[in-house]
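Morning, everyone. I have a structure to show you, and I will keep it short. Please have a look at it first.

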Amino acid sequence: MKKIISLVVIFCFFISNVSFAINLPLDNTSNNNGTNLAVPSLLKNILDKTGAINEAENIKLWLAACLRSIAAEGFDFKTATPEEIRDRLKELGEPRNAEIFHPKETQFFVHEATIEGDRVRVTARVKRDNSLRTYNITFSGPETIYVNLKRDSKDSIPSKGIFEDMESLVEFLRGIVEFDVKGTVKLIEGEEDAFIERLPVLVYNISVNPEDSIRDAIEWMILELGPQLPVNSAIPASTQKLYRTIGREYYKKSAILKINQRALIPYLYRIMLKVMREHNVAMISQIAISEAIYIVGGDAKKSPAINIAQAILAGRTSREGATPVFNSRDHLQVDKKLYDKNSAMALRNRADTIREDILEDKIYSVDLDTSTIARTPDEMPGSVAEQQRPNFETAVKYTIFVRLLEKIYGLPGIALNGEVGEVGTEEVTPEELRAYLTGYKLTLGKFMNFSPKQKLEWIENNNYIFWFSEEEMAKIKEIVQDKAMHFDGLEAMSCQVGTAHGGVKVPGRPWERTSERVVNMERLEELADICRSFGLAGLILHGASSISEDELKEAVERGAIAVHLATYIHDRIFSHPEFPTKLISKLFKLIKERNKKLYDTPIDKHTQHITIGDIIQEIQGTIEIEKPLSEEQRQQVAWIVHQARGKGVSKEQHDKGEGLWSFIDLEQDMLDLPKETLAELNKVVEEQILRYVELLNAKGTGDIIKDMEFPTPPPAPMPEPLKDHIADPPDAEPSSEINKMKTTATRVGLEIPTHLNTRYTLLLATEFFADSKEFKKHETEFRDRFNLGTVGGRTAEQFIDNVLAKARGIEHRTVVLLPDRISRRWLERLTAVGIRFIRTDVEDLVEARVNKDVNRTTFQLNTYATMLLIRHIDRSIGRESPLYRILSFYIKSHFKLDSNVEIEDYIQAIITGNIAILIRGYLSYRPAKPYQAPDYEKIAAALISA
């Protein structure tokens with residue numbers, strides 16, 4: 001059976017159009033030979049070039065031809081009234097008189113013309129079979145008229161609707177949205193329906209497009225444009241009031257259903273929104289950091305945009321007004337291994353995630369899972385309070401960070417939840433929970449009681465200088481002056497009471513869930529009541545797919561106010577009789593080819609002699625003889641899918657065919673399933689969600705959100721690749737751009753001193769090289785270009801001392817690549833003597849070295865090129881100079897800068913030694929996507945070898 005992209009996407013392909021521009025001067029115009037262009041001949045010209053074939057395209061092209069024709073005759077659009085434009089167009093007759101082919105029973109008429117500033121919009125209507133269709137074309141700016149029409153797939157959307165580059169994405173929305181080079185996007189008035197028609201294609205790309213930059217750009221556009229729709233729009237909303245109301249009015253009566261995203265995500269959201277609307281239910285969608293790996297290869301950001309998009313589509317048939325969409329970050333864990341090694345870096349990493357979630361992805365509910373760094377009795381015998389101290393103190397740091405972001409950017413109150421005990425491990429004791437909540441309350445309260453000066457000192461002493469930009473810190477200095485300032489604490493707590501992610505399994509048969517009672521109900525109730533005694537809404541229950549229906553109902557009656565349910569919902573997809581065996585075969589083949597370790601893994605400790613590979617072979621044998629799978633085999637398939645999902649390595653290895661993520665490998669195939677199959681799979685998902693709604697007694701909880709106010713969130717920054725494209729759309733093939741950059745790099749390279757007494761010294765952190773042999777090789781290879789050296793140190797002070805020793809006498813010709821862990825006060829010692837530096841993520845360097853990453857050589861060359869450029873630039877260098885342009889390219893393509901630090905600011909900081917700016921950017925191991933074109937590494941080689 002022929003595949004379709006989705007239930008709605010293929011339809012969208014037939015009705016969606018990509019913009020095509022026709023130049024139309026608004027002054028009196030004639031053609032080159034002085035004669036006016038007749039509508040039929042001009043239209044034939046356009047049709048020959050575009051190959052337009054359907055009614056919508058033809059009508060829009062006919063209008064464009066008419067406008068060109070009357071402009072050529074001397075009609076002045078600048079002084080004409082809308083009525084005069086409309087009357088003049090009517091004189092030209094209907095499309096069929098202009099050799100347009102469409103059914104004769106169709107009635108066509110020009111409806112109206114409007115003038116909005118420098119924009120002229122003409123609306124034409126077509127009546128057929130008592131249905132009325134409206135088409136718009138628009139003069140945009142002084143010289144261009146945009147006409148929406150379908151173009152050849154190579155110029156617009158490639159096969160299967162996947163955008164190959166930023167150009168095709170922007171073209172897809174031309175004439176519907178307007179971009180500003182400053183970083184905003186606006187929905188053109190009157191084009192709301194056209195935008196909604198295109199949403200299925202955009203959602204499809206967020207799900208399966210392999211390019212991170214394109215997925216990010218689409219997500220950003222959807223999140224920004226959703227609130228701009230005049231009615232039935234979707235607003236990202238905070239769950240803060242939702243939790244508080246559940247805890248106050250529904251405690252031990254109802255609970256909120258929280259569903260994690262995994263497979264068939266666009267359909268899952270559609271079903272969730274349908275259930276919310278039809279059954280008056282409040283529901284939350286969520287994703288954990290760990291889940292991101294096997295959903296989209298490490299990028300967790302696609303979820304909010306799909307949710308918003310589906311809310312917009314579903315909202316067209318529901319009540320007017322904003323549809324609140326609740327997104328949550330589940331298990332925002334602090335990496336314990338990294339924390340034990342470098343706590344500042346571990347905390348900064350998660351602070352960056354929180355910032356991105358809130359400001360860019362508009363996720364307004366965050367589970368602060370700092371339980372990973374609590375100390376066990378073995379690690380720290382004695383006081384429970386001291387064991388929990390890292391947990392609650394870190395949660396307070398993140399709480400203050402989030403509350404400051406709220407005040408800086410005018411955000412809605414973010415719902416923050418804490419966690420004690422890891423799911424699947426030992427049960428949490430009342431003493432542990434009390435110790436955490438007491439410590440959290442006292443620590444936050446102590447900060448709130450500080451004087452403004454003490455608050456600022458606390459912020460600086462806790463490394464917030466690395467979490468906030470210089471501009472944000474300036475605002476914080478104003479914020480803390482308010483003596484009445486109040487910061488909300490946590491809304492709810494997650495505690496381990498016996499559940500496990502993925503379910504508690506039967507020994508020897510791990511694809512089956514145990515029928516025994518799992519949850520310690522007395523403990524759950526005791527912990528929930530403790531939460532409420534501290535002013536929280538109650539307890540959140542993770543891993544609830546593992547428990548029976550009776551236990552689920554009892555958990556709500558005991559005080560669970562929110563329940564995480566995901567695994568069993570998705571198991572019903574993969575164990576469904578309609579789930580295609582060809583996809584099962586594909587999954588099994590991937591496991592066997594890419595993941596030998598998983599293939600040979602025993603199914604559990606109780607059956608060491610049976611491996612996952614044995615189960616796969618048995619099921620594969622049944623598939624090959626085309627026998628229907630038994631119920632047990634289908635359960636095994638679902639179990640293997642979930643075993644495979646957690647065995648991925650990194651996105652780069654996945655893209656090279658190493659490792660495995662079941663969902664990203666199967667997602668496109670699943671979205672392309674026949675509509676009959678998708679309908680069956682979606683049916684069981686909806687059935688299961690409705691069953692959970694019933695068990696949680698969640699019907700009616702939608703009343704909570706009916707009268708809630710949802711302020712429009714502040715705009716998020718435009719992703720850099722899209723911003724670059726809007727500011728400087730490509731006008732040449734990549735090879736031409738590469739050649740141009742190589743020429744520029746060569747010219748700059750010739751200007752950089754190479755004489756023994758003038759050439760530069762590059763000092764690199766020891767982690768940069770695999771071993772002394774590799775260092776010697778580079779030292780020999782580049783010794784005629786620059787002096788190379790390594791530098792290290794057990795502490796920041798030792799590192800800086802070693803740099804100063806090696807640069808003595810040549811400080812003004814030295815640049816250092818140093819770890820990003822070195823704080824500001826040590827860096828000032830470098831700039832004070834004229835040494836320049838760039839920072840990098842040493843963890844990435846070590847990981848690349850251990851994994852023998854093939855991109856290391858390219859990264860090393862780019863690092864050398866960047867360091868040479870940074871040493872050479874000074875106040876005399878103008879923005880138009882080749883040096884400035886090539887340095888700007890490297891910072892744009894290889895550096896990670898804070899969102900509010902511009903490239904120009906960073907370059908100026910290099911010149912002036914402004915550490916406050918320099919510490920807000922670092923050289924990233926992996927360059928940005930738009931610059932991963934073939935042969936780009938030759939730019940660095942051209943500069944170095946010049």
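I will talk about one strand and its neighbours, and then about one residue.

A word of caution before we start: this is a predicted model.

Let's begin with strand 18, residues 560–564. Is strand 18 enclosed or not? Count the buried residues: 5 of the 5. So strand 18 is largely enclosed by the rest of the structure.

Now, which strands pair with strand 18? One is strand 9, residues 256–260. Strand 9 and strand 18 run parallel, and 3 bridges join them. Here Leu257 stands opposite Val563 of strand 18.

Another is strand 17, residues 538–541. Again there are 3 bridges, and strands 17 and 18 run parallel. Look for Ile540: its bridge partner in strand 18 is Ala562. How does the chain get from strand 17 to strand 18? It passes through helix 19, residues 549–558. That makes a β-α-β crossover, and it is right-handed.

Next, please find Ile917. It sits in helix 38, which covers residues 915–918. Buried or exposed? The relative accessible area of Ile917 is 9%. The cut-off for buried is under 20%, so Ile917 counts as buried.

What does Ile917 touch, leaving aside residues up to four places away in sequence? The list is Glu470, Val901, Asp905, Tyr906 and Ala909.

One last pair: Ile917 and Ser469. In sequence they are 448 residues apart. In space, C-alpha to C-alpha, they are 8.1 Å apart.

That's my tour. Over to you.

Notes:
Residues are numbered from 1 along each chain as its sequence is written. This is a predicted model: local features need pLDDT of at least 70, side-chain atom pairs count only at pLDDT 80 or more; totals for chains, interfaces and linings use all residues. Side-chain values use heavy atoms; hydrogens and water are left out. Helices (H or I, at least four residues) and strands (E, at least two) are DSSP runs, numbered from the N terminus. Buried means under 20% relative accessible area, exposed over 50%, partly exposed in between (1.4 Å probe, protein chains only). Contact means heavy atoms within 4.5 Å. Two strands pair if DSSP finds at least two bridges between them. A crossover is right-handed if, with the strands pointing away from the viewer, the path from the first strand over the helix to the second runs clockwise.
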